Amino acid sequence: MMSKIIYLIRHAEPLVHNNAKLGLSLTGITQAAIVGRTLASNIQTKDCKVYFATVKRCEQTADIIAGMLDIKKDLANIRFKGVEHLKMTNVKSKYSTYIQNYQRLGIENPKVYLERMFDFFRSRPEGTSIVISNYVNMRLLLQELGSDDYSRISHADCFEILLHDNTKKGTIRKIT
């Protein structure tokens, strides 16, 4: 089996009003366009598809990137199950709260989530997959893959992952 290339992207900057994230800000729209241009100049889009988490800001980021690459996008179940009801604004504390208290919060076990994500990656057809998600999911995945660059993930950061065969091993390179 061959390696697969996955671009893991954190959604662009959201517009926040009264602690509610309402989609992308103007800066976020610009960030997504920059990532789209960067990817357009670096990847073959023939066998490429954009997958996004069930969050408005992820979908809007996907819309911009897929539009710039002229490729299809698809909603994917790549978010922690059960987090929809939780309201936390600090993403760094959200990460530690999710990971340390998942049972009490009634959300998906992080190990189960990681297995589900690697099954998702392995099930993608040959070619390039662009996956747009949020901070918590990206940090957990990058940490599992062995990256030491997971603690400083900014909006619209893009990581190229060369996932080797059927393992959880990969080569990671930060693009933006």
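## A walk from the salt bridges to the core

At a relative accessibility of 27%, Lys49 counts as partly exposed. In this vocabulary, a residue is buried when its relative accessible area is under 20%, exposed when it is over 50%, and partly exposed in between, using a 1.4 Å probe and protein chains only. The model is a predicted one, in which local features need a pLDDT of at least 70 and side-chain atom pairs count only at pLDDT 80 or more, while totals for chains, interfaces and linings use all residues. Residues are numbered from 1 along each chain as its sequence is written, and side-chain values use heavy atoms, with hydrogens and water left out.

What does Lys49 pair with in a salt bridge? Its partner is Asp74, with the closest N and O atoms 3.5 Å apart. This pair links distant parts of the chain, since Asp74 sits in strand S5 and Lys49 in strand S4 (residues 48-52), with their positions 25 residues apart in sequence. Helices and strands here are DSSP runs numbered from the N terminus: a helix is H or I with at least four residues, and a strand is E with at least two. Asp74 is partly exposed, at a relative accessible area of 32%. A salt bridge, for its part, is a side-chain nitrogen of Lys or Arg within 4 Å of a carboxyl oxygen of Asp or Glu.

The structure holds 6 salt bridges. Another one joins the side chains of Glu59 and Lys73, at 3.6 Å from N to O. Because Glu59 lies in helix H2 and Lys73 in strand S5, the pair ties together parts that are 14 residues apart in sequence. Glu59 is partly exposed at 33%, and Lys73 is partly exposed at 30%. These two also belong to a network of salt bridges that links Glu59, Asp63 and Lys73.

Now look at Arg116 and Glu108, whose salt bridge has its closest N and O atoms 2.7 Å apart. Is Arg116 buried or exposed? Arg116 counts as buried, with a relative accessibility of 16%, and Glu108 is buried too, at 9%.

Next, visit the loops. Thr54 lies in the loop between S4 and H2 and is partly exposed, at 45%. Leaving aside neighbours within four places in sequence, Thr54 is in contact with Leu75, Ala76 and Arg79, where contact means heavy atoms within 4.5 Å. Thr54 and Ile132 are 78 residues apart along the chain, yet their C-alpha atoms are separated by 9.9 Å.

Two other loop residues have a positive phi although neither is a glycine: Asp70, at about 55°, and Ala156, at about 65°. Asp70 is in the loop between helix H2 (56-69) and strand S5 (73-75), while Ala156 is in the loop between helix H5 (135-144) and strand S7 (158-163). Their surroundings contrast: Asp70 is exposed, with a relative accessible area of 71%, whereas Ala156 is buried, at 7%.

From there, let us step inside. In soluble globular proteins, nonpolar side chains tend to be buried together. The largest nonpolar core of this model has 53 residues, and those with the most contacts inside it are Leu39, Phe121, Ile130 and Ile132. Such a core is a set of buried Ala, Val, Leu, Ile, Met, Phe, Trp, Tyr and Cys residues joined through side-chain atoms within 4.5 Å. Not counting residues up to four places away in sequence, Phe121 touches Lys4, Ile6, Val131, Leu141 and Leu163.

Phe121 also takes part in the meeting of two helices, H4 and H5. Two packed helices are described by the angle between their axes and the distance between the axes. The axes of H4 (residues 110-123) and H5 come within 11 Å and cross at roughly 80°. That makes H4 roughly perpendicular to H5. Axes are lines fitted to C-alpha atoms, for helices over the stretch in contact, with angles running from 0 to 180 degrees between N-to-C directions. Angles under 35 degrees count as roughly parallel, over 145 as roughly antiparallel, 65 to 115 as roughly perpendicular, and the rest as oblique.

Which residues of H5 meet H4? They are Asn137, Leu140, Leu141 and Glu144. Because 8 of the 10 residues of H5 are buried, this helix is largely enclosed by the rest of the structure. H5 is followed by Gly146, whose phi is positive, near 100°.
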